[in-house]
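Subject: Handing over the structure

Hi there,

I am passing this structure on to you, and I hope you enjoy looking through it. Could you open it alongside this email and follow along?

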Amino acid sequence: MITCPWCGTHYERFQSNCDNCGGSLPLPAERPPTPAGKRLPTPPPPPRQVPGNYAWRVLSTDGGAIGATVFSLLGAIFAIVGGILTISVVAIFVGLPFAALGTVFLLIGIPLLITRYEQAQQTVQVLQHGEAVLGQIVDVHQNYHVRINGRSPWIVTYQFEASGRQYQGKVSTLSRPDLGQQPGQPIYVLYQPNDPQQNTSYPYPYGYYDL
Ligand SMILES: [Zn+2]
């Protein structure tokens, strides 16, 4: 069975693209199953078709982006409420600090959000055009500092070799890693050949497997 790495739709037989989201499907697995009896989905060669607006999906699992969004929203509310209060002379001593605080929040939150969005777009670039290599998981742990929809994401750290050098990367996932996703297990990594620091796991977000 083939599972779409972008939306999770299952297919009995191989086809090049997902009917549901249009994304490129993994090649039929040739590698032996992991200890959990699962096979690593093999990345198709670039360019891979990534569903539209996938950068937003990347952002939705990014704790930093969620923090920046909350910060920006608070800033906007403070700035608006402060601005309204400032109009009435009585409230000017309350309104001005409120508006100032809101502006500071916005000045921090919005650039941070833009940075995270640019990073998400880079991740999409790597998913589309990255070179595939088999790496190894070195660490798996849960990040309790972040909660997304009531769940803390798992951080999977991996290492891989590119042009004779070792690199490390990490990916965040909301699905609990299973037996085949533990330190020492293989993982497919996609990286930009001219800048291997730009890398991500395949599939992304890590967690979809062929059964
Ligand atoms: Zn799909």
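A good place to start is H141, which stands opposite I155 in β4. Please keep in mind that this is a predicted model, in which local features need pLDDT of at least 70 and side-chain atom pairs count only at pLDDT 80 or more, while totals for chains, interfaces and linings use all residues. Residues are numbered from 1 along each chain as its sequence is written, and side-chain values use heavy atoms, leaving out hydrogens and water.

The strands

The helix and strand names come from DSSP runs, numbered from the N terminus: H or I over at least four residues for a helix, E over at least two for a strand. Two strands pair if DSSP finds at least two bridges between them.

The contact between H141 and I155 belongs to the pairing of β3 with strand β4 (residues 154–162), which is antiparallel and has six bridges. Strand β3 itself covers residues 131–142, and six bridges also join it to β6, again in the antiparallel sense. There you will find Q136 facing P186 of β6. Strand β6 (residues 186–192) in turn pairs with strand β7 (residues 195–202) through five bridges, and these two run antiparallel. How many residues make up the hairpin connection from β6 to β7? Two residues lead from one strand to the other. Q192 and D195 of β7 are opposite each other in this pair.

The zinc site

The zinc ion is held by four sulfur atoms: the SG atoms of C4, C7, C18 and C21 coordinate it at 2.3 Å. Donors here are N, O and S atoms within 2.8 Å of the metal (3.2 Å for Na, K and Ca), and sites may look incomplete because water is not among the atoms. Along the sequence, the zinc donors follow the spacing C-x2-C-x10-C-x2-C. Two of them, C4 and C21, link distant parts of the chain, 17 residues apart: C4 sits in the loop between β1 (2–3) and β2 (10–11), and C21 in the loop between β2 and α1 (54–60).

The angles among the four donor atoms run from 106 to 113 degrees, and the site is tetrahedral, a label given to four donors if all angles lie between 85 and 135 degrees. For reference, the ideal angle for four tetrahedral donors is 109.5 degrees.

Are C4 and C21 buried or exposed? C4 counts as buried because its relative accessibility is 0%, and C21 is partly exposed at 23%. The cut-offs are under 20% relative accessible area for buried, over 50% for exposed, and partly exposed in between (1.4 Å probe, protein chains only).

The helices

The structure holds one salt bridge, meaning a side-chain nitrogen of Lys or Arg within 4 Å of a carboxyl oxygen of Asp or Glu. R116 and D62 form it, with their closest N and O atoms 2.8 Å apart. The two residues come from distant parts of the chain, 54 residues apart, with R116 in helix α3 and D62 in the loop between α1 and α2. R116 is partly exposed because its relative accessible area is 25%, whereas D62, at 15%, is buried.

On the surface, I77, V81, V94 and F98 make a nonpolar patch of about 310 Å². Such patches join nonpolar side chains (Val, Leu, Ile, Met, Phe, Trp, Tyr) within 5 Å, from residues with over 30% relative accessible area and no salt bridge; areas come from the Shrake-Rupley method with a 1.4 Å probe. Helices α2 and α3 (92–129) each give two or more residues to this patch. One of its members, V94, lies in helix α3 and is partly exposed at 46%.

Helix α2 (residues 63–87) also holds I84, which is exposed at 56%. The C-alpha atoms of I84 and G23 are 47 Å apart, with their positions 61 residues apart along the chain.

Backbone details

Which peptide bond near P47 is worth a look? The bond from P46 to P47 is cis, with omega near -5 degrees, and P47 lies in the loop between β2 and α1. Another cis bond joins Y202 and P203, with omega about 0 degrees; P203 is in the segment after β7.

N53, in the loop between β2 and α1, has a positive phi near 60 degrees although not a glycine, and is exposed at 63%. S163 has a positive phi too, about 40 degrees. This serine is in the loop between β4 and β5 (165–173) and is exposed at 68%.

Happy exploring!

Technical notes. Tetrahedral: all angles 85-135°; square planar, octahedral: opposite > 155°, others 65-115°. Patch = residues over 30% accessible without salt bridge, like charges linked within 9 Å, V, L, I, M, F, W, Y side chains within 5 Å.
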